Amino acid sequence: MLGLPVHIVMWCIYKTKYKSTQYQQMLHEHMEKIKKSSTYSELIHRYEEQYRSKKLYFNESISEQEMQGEATKLANERVLNMAQAELETTDQSNTNYQHFFAKCLQNRNFVIVSFIPGILMYLFLMIYARPLVRYIFERLVMTVFVIISVTIFVFSILHFSPADPAANILGESATAEQRAEFDHRYGLDQSYWVQLWDATKGILTLDLGYSYTGNEDVMASIANKFPVTLTIAFWSLLMAIVIAIPVGMISAAKTNSFWDYSFMFIALIGLSIPNFWQGLVFILNFSIKWHILPATYSPGDWLSIIMPVIVLGTGLTASIARMTRSSILEVVNEEYIVTAKAKGLKPSRVFINHALRNAIIPIITIIGLQFGGMLGGAAVTEKVFNISGLGSYIVDKQFVPDIPSILGGVVYIAITISIVNLAVDILYAFLNPRIRSQMKNT
């Protein structure tokens, strides 16, 4: 389909130029040779006997003309098969359109002439000729479908929700004419499909229009608020990786020891503590009681980001630590670990180069999944520390509901999560030799 303009022309050339190829001529000669031999007469006689036997079995009348026609047809089909089998022994092959076009692609002049009309086809071939590029391209395509699906799903929920934006913003004292004017201004009087198309087009063109409250540019608001949320999530993720992986390694190396029990108990507490409660405790102690850290976030003060990062990253740190421990314990008893120990390798080298390297895939998976959860769950932390981020922005707009603002925030968080998952998939390909081998084989 991508190369349809080129294929139309080449198909016409193929049908005119290759209608009587050397193979077809040789096939015709072999068929004529067989027909002139006694073999052809024997085939005609055999099929006529079969026709007579069939008619006699069913007590039907025998038609000489029908018998000759059917016998000749079957004999010709048999002769064609015999001639094709003979040509196969002489290394002669039939040139179908696929072989013809593949041969044309090997011609440099053909590629140059057909490059402009077939540029999409050539880009597709270039992508699929390289396993890693194909791997990334397929996941980018899936990401596009995910974004479109999220847009449709979120918009449908907001559209069919019982809340009325005009009534919530204008108030109960607003007249019917004022509400109708509000709906007309923001396109809420259009059908579901028209509004869905406008929303999807806005997401793809980065033009979400204006919010219902404040008449502010949605894209400008998201561009101002999303970096704050992304920054807190990034530093929380970095903190979790730096702390959790060594903790998980120590717990796995010293199973059922004091360190193992202590670290896993602390990790269980970290998983159990709600973010809002932990944030309030931090504010009461570090800000109000000890005056060490500021209680609210300030863009110019790097100290104000410490508590939000710790609160948001606590649960992630605990999850990664527990996953690191369990993943390493799953592989330490594998045969290749026993073989490495039998070769006399140092325990530290066996643990890091063999155990951790093979256990890293589940750890990367949980990091990617939890990062998406951090972006979605950052709203609570942002509310506690008075951070004007994307999470709190979506929560504030939810009560209207401000469809363009909510849709833009949710979709662009989904885009970020999809990009992170794409990075995780690429890391799979680099870290796991089996995935690289599968990519090359497909």
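Helices here are DSSP runs of at least four residues, numbered from the N terminus. With that in mind, the predicted model can be explored starting from one residue, T381, which is found in helix 17. Is T381 buried or exposed? T381 has a relative accessible area of 3%, and because buried means under 20%, T381 counts as buried. Its surroundings can be named too: leaving aside residues up to four places away in sequence, T381 touches N275, P308, V311 and L312.

Next comes the nonpolar interior. The largest nonpolar core has 77 residues, and those with the most contacts inside it are I222, I320 and I328. Helix 17, spanning residues 347–384, gives the largest share of this core, 16 residues. A closer look at I328 helps to picture the packing. Not counting residues up to four places away in sequence, I328 touches M249, A252, F351, A355, L356 and A359. There is also a second, separate core of twelve residues, with M31, Y40, A75 and V79 among them.

Attention now turns to open space in the model. The largest pocket holds about 400 Å³ of space. Its lining is made up of 19 residues, and Y186, D198, A199, L208 and P404 are those nearest the pocket's centre. Which helix supplies the largest share of the lining? Helix 11 does, with six residues. Both helix 11 (192–205) and helix 19 (403–431) supply at least two residues of this lining. By residue type, the lining of the largest pocket divides into ten nonpolar, six polar and three charged residues.

How values were computed. Residues are numbered from 1 along each chain as its sequence is written. This is a predicted model: local features need pLDDT of at least 70, side-chain atom pairs count only at pLDDT 80 or more; totals for chains, interfaces and linings use all residues. Side-chain values use heavy atoms; hydrogens and water are left out. A nonpolar core is a set of buried Ala, Val, Leu, Ile, Met, Phe, Trp, Tyr and Cys residues joined through side-chain atoms within 4.5 Å. Buried means under 20% relative accessible area, exposed over 50%, partly exposed in between (1.4 Å probe, protein chains only). Contact means heavy atoms within 4.5 Å. On a 1 Å grid over the protein atoms alone, a cavity is a set of points where a 1.4 Å probe fits but cannot get out, and a pocket is an open set with protein on both sides within 12 Å along at least five of seven lines; lining residues have an atom within 4 Å of a point. Grid points are joined across faces, edges and corners, and a volume is the space filled by probe spheres set on the points. Ala, Val, Leu, Ile, Met, Phe, Trp, Tyr, Cys and Pro count as nonpolar, Asp, Glu, Lys and Arg as charged, and the others, Gly among them, as polar.
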